[in-house]
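I opened my notebook for a look through this model, and these are the entries I kept. Feel free to follow along with the structure open beside you.

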Amino acid sequence: MAASRYNSNDLRRQVGSPRSKGRDTKDTLCRNVVIYGHCRYMDTTCNFNHDQNKPASGPSDFLSKKSFNADSPSFTPSGQNLGQAKKTTLSSQAANAAPFTPRGVTASTQQNADLTMFNPAGAREFTPSGNTQNYELGNSNMGNGAAQDNGVFSDPFAMNSMAPALANNAPFNPYAGDPSAVSGAGAGFYSSGGAYASVPMQQPNYHLYQPYDAYRGELQPWQRSTYDYFIPAAMREEIQKKMFATQHTMPGLPKLENYHSLFSLDTSHRKNTACFGYHSWVYKAQKVTTGLHYVLRRLEGYRLSNDQSVMSVMRDWKNVRHENIVSFHETFTSQNFGDSSLIFVYDWHPLAKTLAEQHFSSPLGNNRQRYPAVPEGILWSYVCQIASALYYLHNKNLAARCLDLSKILVTEKSRIRLGSCAILDVVQYDHNLPIQELQGEDLVKFAKVILCLATGMPPNLLQSSNTKAALDSLVKYSRSLRDALQFLLSPVAPNGQPHTIAHFLTMIAPQLAQQANNTLRENDEQQYWLAREIENGRIARNVMKLSAILERGDLGSQSNWSEVGDRFQLKLFRDYVFHRVDASGKPDLGLGHMLSCMSKLDAGVDEQIMLTSRDNETVFVITYRELRGMFERAFNELMKFSKSPGL
C-alpha cells in the first residue's frame with residue numbers, strides 16, 4: 001500500500017509515543033494505531049488519542065485524513081512528469097541483439113541458445129595433435145577417436161569390435177611368456193574367428209602380491225622381514241601360474257564321454273604329420289569321474305582296424321611308471337570332433353614346454369637359422385635323464401620311438417619327460433618290426449636330439465647335413481660328451497655286438513653320479529621350504545578354529561556361549577595376539593609376534609603371558625599349555641553341535 005508524502009519530523013511531532021506521561025496528549029493520535037492499527041496500552045497507561053476519525057491537533061494536516069488509506073494516491077517522486085516515462089539507457093530492442101562474440105572468433109563458432117546444453121553424443125573423443133597412432137587393437141590406419149565422428153559413441157567394452165583384432169594376433173600359447181594372445185588357440189576343429197576369439201583371457205593377479213623385500217642392511221642379524229616366513233616369491237609365482245593354467249577352459253570344444261572342459265595346448269595352427277603320419281592335436285581336459293586333469297593327444301582322421309593291437313599295446317604301456325616318462329592311461333575313439341579320431345590320454349604337467357620350444361623358439365618362425373648352443377652341464381642333465389628312461393623301457397621290452405625335440409617335455413628346471421609314447425606302437429602295429437631294431441633306433445634318435453642341442457641346428461638342418469661333420473664341430477665340449485654321442489651313433493660295437501643302453505650307462509657313470517647329487521640337493525631345498533609351509537598350515541588351521549569359537553553367541557541351550565567360561569580367556573588371547581597397540585595407541589601389526597604366539601599355542605609351551613580385558617578390570621596370568629587345553633575343549637564342544645567333520 002502506498003503512503004502520502006510525509007516528513008519524518010512531522011510524523012514524530014504529530015504521532016505520540018504510547019508511554020508518554022505527564023503531558024496533555026488527548027488530541028494526539030497514538031503511533032501504535034497508525035502503524036499497527038491498535039494499541040495494547042489504550043486501556044491502561046496510554047494517554048494518546050486512539051480514534052483515527054478524530055482530527056489531530058497541530059499545525060500540519062498530516063493526520064487530517066486517514067493515515068495509510070487504500071484510496072491514497074500513489075507515491076510519485078518529485079520532479080517527475082506523470083504523463084511521460086523517462087527514457088532508459090537500453091531500449092526494448094536490445095533484447096533481440098546478437099550475443100557477444102570475442103574479437104577474433106568467427107561467426108561459424110557461435111552456437112544457438114537452444115544447444116547450450118551438453119550433448120555427449122556430439123562430443124568428439126580426444127585426439128592428440130600431430131599423432132596418427134591408433135591405440136585400438138587391430139587398426140593402425142585411423143587416428144584415435146576417428147570412429148566417433150559419426151556422432152554415435154561406440155561402447156568401449158563391446159567384444160564384437162575386438163574380435164577382428166584378436167583373430168589376427170598370434171595363437172594362444174599357455175606356455176609362452178606372454179599368453180595374452182588368445183585368438184585362435186590351436187586346433188583344426190575350430191576356426192580363428194570362433195567363439196573363443198571374442199573372449200579375453202584374464203590373467204592372474206599374482207604380481208599384486210610380489211614382495212618388495214626390505215633392505216637387508218637395515219635389519220639386524222636376528223631380525224626377519226615379513227616374507228622370510230614364507231616360500232620364495234619366484235617359487236610361489238611359478239606354482240600360482242601352474243594352478244592358473246590348470247583352470248583354463250575354452251568354449252566351443254566338444255565334450256567327450258568321460259572328459260570335459262577341453263582346452264587346446266597347441267601353439268600353432270600348422271598341421272604336421274612328420275611324427276605319426278596323421279594330423280595330431282593336443283588338449284587339456286578334466287575327467288568326469290575323478291575331477292583330475294589329463295592331456296588328450298588326438299589323431300585326426302584315424303580309423304582303428306585292429307582292436308587287438310590297441311588292447312595288447314595298452315596293457316604293456318599302462319604299467320609304465322617312470323619319473324622321466326609321461327604316464328599313459330588309456331585310449332579311445334571319438335566322433336565328437338566331426339571325424340574319426342583316436343585319442344590317447346596322458347598325465348597333465350602344467351606349463352610344460354617341449355625341447356623345441358625351450359631351445360629353438362624363434363619369434364620370426366625361421367627354422368633355417370642356427371640357435372645358441374646349450375651349455376654342457378644342461379646337456380649332461382638331459383643325457384642322463386633320457387638314458388634312464390630308455391633303460392627302464394628297454395628292460396620292459398618296449399621302445400620309446402618318439403624321441404623328437406617336439407615330443408620331449410621340460411616340466412621343471414632342467415627336468416625332462418618323454419612324451420607321446422605308445423602312439424607309434426598302435427599306428428604302426430602291422431609293421432611287425434623286431435623290438436631289438438626299434439631299441440637300436442632309439443639310441444640313434446637319442447644321439448641326434450643331443451647333437452641338435454649341442455650344435456644349435458634344428459632337426460631339418462641336421463638331417464640335410466653330414467652327421468659326422470656336426471659331431472666333429474663340437475670342439476668346445478668335453479671329450480667324454482663327444483665319445484658318448486659317437487657311441488650312440490654307432491649301432492654295432494667293434495666286436496660285432498650291438499650297442500645297448502646298459503653299455504651306455506656304464507660309459508657315463510661319472511655324470512650319472514653328479515646328476516644324482518644335483519637331484520638330491522634340489523630335493524633338500526624342496527623339503528626345507530615344504531617344512532616351513534607345514535608350520536604355516538598349522539597356524540592357519542588354528543586361526544580358523546579360533547575364529548569359529550569366538551564371537552559366536554548362543555550355542556545349544558547356553559546363551560552367550562562364546563563370552564563365558566574358557567571362551568572369554570580365548571577372546572582375551574585373541575586381543576593379545578592380533579589387537580595389540582603401541583604406546584601411542586596405534587595398531588601393532590608385527591607378524592613375528594602373531595606367528596610366535598600361534599606357534600606356542602599349537603605346541604602348548606609352559607611360558608606365561610598376561611591377558612587383560614579392554615576395560616582393564618580383569619587380568620589373567622596363564623600359560624600357553626592351559627590355553628591349549630581351553631582351546632581344544634571349546635572346539636570339541638563346538639563340534640558336538642556340528643554335522644561337518646571339522647578341521
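**Coiled-coil region.** I started with the UniProt record, an unreviewed entry, which puts a "coiled-coil region" at residues 510–548. I should say at once that what I am looking at is a predicted model. I checked the secondary structure of residues 510–548 and found 100% helix and 0% strand. The C-alpha atoms at the two ends of that span are 57 Å apart.

**Whole chain.** Next I took stock of the chain, which has 17 helices and twelve strands. Of its 647 residues, 35% are buried. I also looked at contacts with a separation of 6 or more, and 59% of them join residues 24 or more positions apart.

**Binding site.** I went back to the unreviewed UniProt entry, where "binding site" is given for R297, S406 and K407. These positions are spread over 111 residues of sequence, yet they cluster in space, with a largest C-alpha distance of 13.4 Å.

I looked up R297 and found it in strand β5, residues 293–299. Is R297 buried or exposed? I count R297 as buried because its relative accessible area is 12%, under the 20% cut-off. Its side chain makes a polar contact with the side chain of S280, at 3.3 Å. Beyond its sequence neighbours within four places, R297 has contacts that include F276, W281, F344, Y346 and K407.

K407 sits in the loop between α7 (376–395) and β9 (408–412). K407 is buried too, with a relative accessible area of 10%. I listed its contacts, again leaving out neighbours within four places in sequence: C275, F276, R297, C402, R417, L418, G419 and S420.

**Helix α16.** I moved on to α16, residues 591–603, and checked its length. Its 13 residues should span 18 Å at 1.5 Å a residue, and the end C-alpha atoms are indeed 18 Å apart. Which residues of α16 are buried? I noted H593, M594, L595, C597, M598, L601 and D602. The cover over them includes α14 (509–549), α15 (566–578) and α17 (624–640). Just after α16, G604 has a positive phi of about 70°.

**Helix α17.** I ran the length check on α17 as well: 17 residues reach 25 Å from first C-alpha to last, close to the expected 24 Å. Its buried residues are Y624, L627, M630, F631, A634, F635 and L638. Seen down the axis of α17, they fall within an arc of 125°, so they line one face of the helix. I jotted a reminder beside this: an α-helix has 3.6 residues a turn, so residues three or four places apart point the same way. What covers the buried residues of α17 includes α14, α15, α16, β11 (608–612) and β12 (619–623).

**Nonpolar cores.** Last, I asked which members of the largest nonpolar core, 67 residues in all, touch the most other members. They are W317, F344, L355, L418, F446 and F504. I followed up W317, which touches F328, L393, L398, A399, C421, A422 and D425, not counting residues up to four places away in sequence. Apart from the largest core lies another of 25 residues, among them W561, F573, I609 and Y624. My margin note here: in soluble globular proteins, nonpolar side chains tend to be buried together.

Notes
Residues numbered from 1 in each chain as written. Predicted model: local features only at pLDDT ≥ 70, side-chain atom pairs only at ≥ 80, totals over all residues. Heavy atoms only, no water. UniProt positions renumbered as here; feature names shortened; annotations may be inferred. Helix = DSSP H or I, 4+ residues; strand = E, 2+ residues; numbered from the N terminus. Buried < 20%, exposed > 50% of the residue type's maximum accessible area, 1.4 Å probe, protein only. Contact = heavy atoms within 4.5 Å. Polar contact = N/O pair within 3.5 Å; in protein donor to acceptor, adjacent residues only side chain to side chain. Expected span 1.5 Å × (residues − 1). Arc of directions from axis to C-beta. Core = buried A, V, L, I, M, F, W, Y, C linked by side-chain atoms within 4.5 Å.
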